[in-house]
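Student: I should like to go through this structure and ask what lies behind the terms applied to it.

Tutor: Please put the questions one at a time.

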Amino acid sequence: MKRMRFLIVALAGLMAAALFTPAPALAVEPDEILEDPALEARARELSKDLRCLVCRNESIDESNAELARDLRVLLRERLVAGDSDREAMDFIVARYGEYVLLRPTTSGANWLLWAAGPLMLLAALVMALFYLRGRARAPRATEQGLSAEEQERLRKILED
């Protein structure tokens, strides 16, 4: 009985999560959608990898900007013209630059950007190691008591 109650509660929780989880908002307008479902599916898949140049970190499918709409239309035109996925993406990259890709390639000068994070982490670890080893080798400061003069001053301050 307890097991059945648990399953019902779990199922109700999953259904509530499914109902209240926001679906991704797509800005694709009905006049942009291709009649061929296979081409439209390809266009949607490719659109996920293209950045809206106005909104920056949104794909062109999620953005309502005019430039994003132009990119969606251009991508669909290239696919209807018979371009392969790679050819359509290469055309858009050639026209707008590699910044239009949400996941830039690791070729050319981009390898430095991809390697910068791990290299900086490695440099920080090496610097921390040298710092800690230097502190371990440094002579320890010994705690000295108060001199007679300081003890007399302290006694006077405490009496006041």
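Student: Which residues does R76 touch, not counting residues up to four places away in sequence?

Tutor: In this predicted model, R76 touches V28, E32, I33, L34, E40, A43, R44, S47 and D61. R76 itself is found in helix α3, residues 66-80.

Student: Why is R76 called buried?

Tutor: The relative accessible area of R76 is 2%. Buried means under 20%, so R76 is buried.

Student: What makes α2 oblique to α3?

Tutor: The two axes come within 10 Å and cross at roughly 135°. Angles over 145 degrees count as roughly antiparallel and 65 to 115 as roughly perpendicular; the angle of roughly 135° falls in neither range, and therefore α2 is oblique to α3. The crossing is right-handed.

Student: Which residues make the contact between α2 and α3?

Tutor: From α2 come L39, E40, R42, A43, R44, L46 and S47, and from α3 come L75, R76, L79 and V80. By class, this contact has six nonpolar, one polar and four charged residues.

Student: Which residues touch the most other members of the largest nonpolar core?

Tutor: They are L50, L75, L79, I92, V100 and L101, in a core of 19 residues. The elements giving two or more residues to this core are α2 (37-47), α3 and α4 (85-96), and α3 gives the most, with five residues.

Student: What is I92 in contact with, leaving aside its neighbours within four places in sequence?

Tutor: I92 is in contact with L50, L71, L74, L75, G97 and V100.

Terms used:
Residues are numbered from 1 along each chain as its sequence is written. This is a predicted model: local features need pLDDT of at least 70, side-chain atom pairs count only at pLDDT 80 or more; totals for chains, interfaces and linings use all residues. Side-chain values use heavy atoms; hydrogens and water are left out. Helices (H or I, at least four residues) and strands (E, at least two) are DSSP runs, numbered from the N terminus. Buried means under 20% relative accessible area, exposed over 50%, partly exposed in between (1.4 Å probe, protein chains only). Contact means heavy atoms within 4.5 Å. A nonpolar core is a set of buried Ala, Val, Leu, Ile, Met, Phe, Trp, Tyr and Cys residues joined through side-chain atoms within 4.5 Å. Axes are lines fitted to C-alpha atoms, for helices over the stretch in contact, and angles run from 0 to 180 degrees between N-to-C directions. Angles under 35 degrees count as roughly parallel, over 145 as roughly antiparallel, 65 to 115 as roughly perpendicular and the rest as oblique. A crossing is left-handed if the near helix is turned anticlockwise from the far one by less than a right angle, and right-handed if clockwise. Ala, Val, Leu, Ile, Met, Phe, Trp, Tyr, Cys and Pro count as nonpolar, Asp, Glu, Lys and Arg as charged, and the others, Gly among them, as polar.
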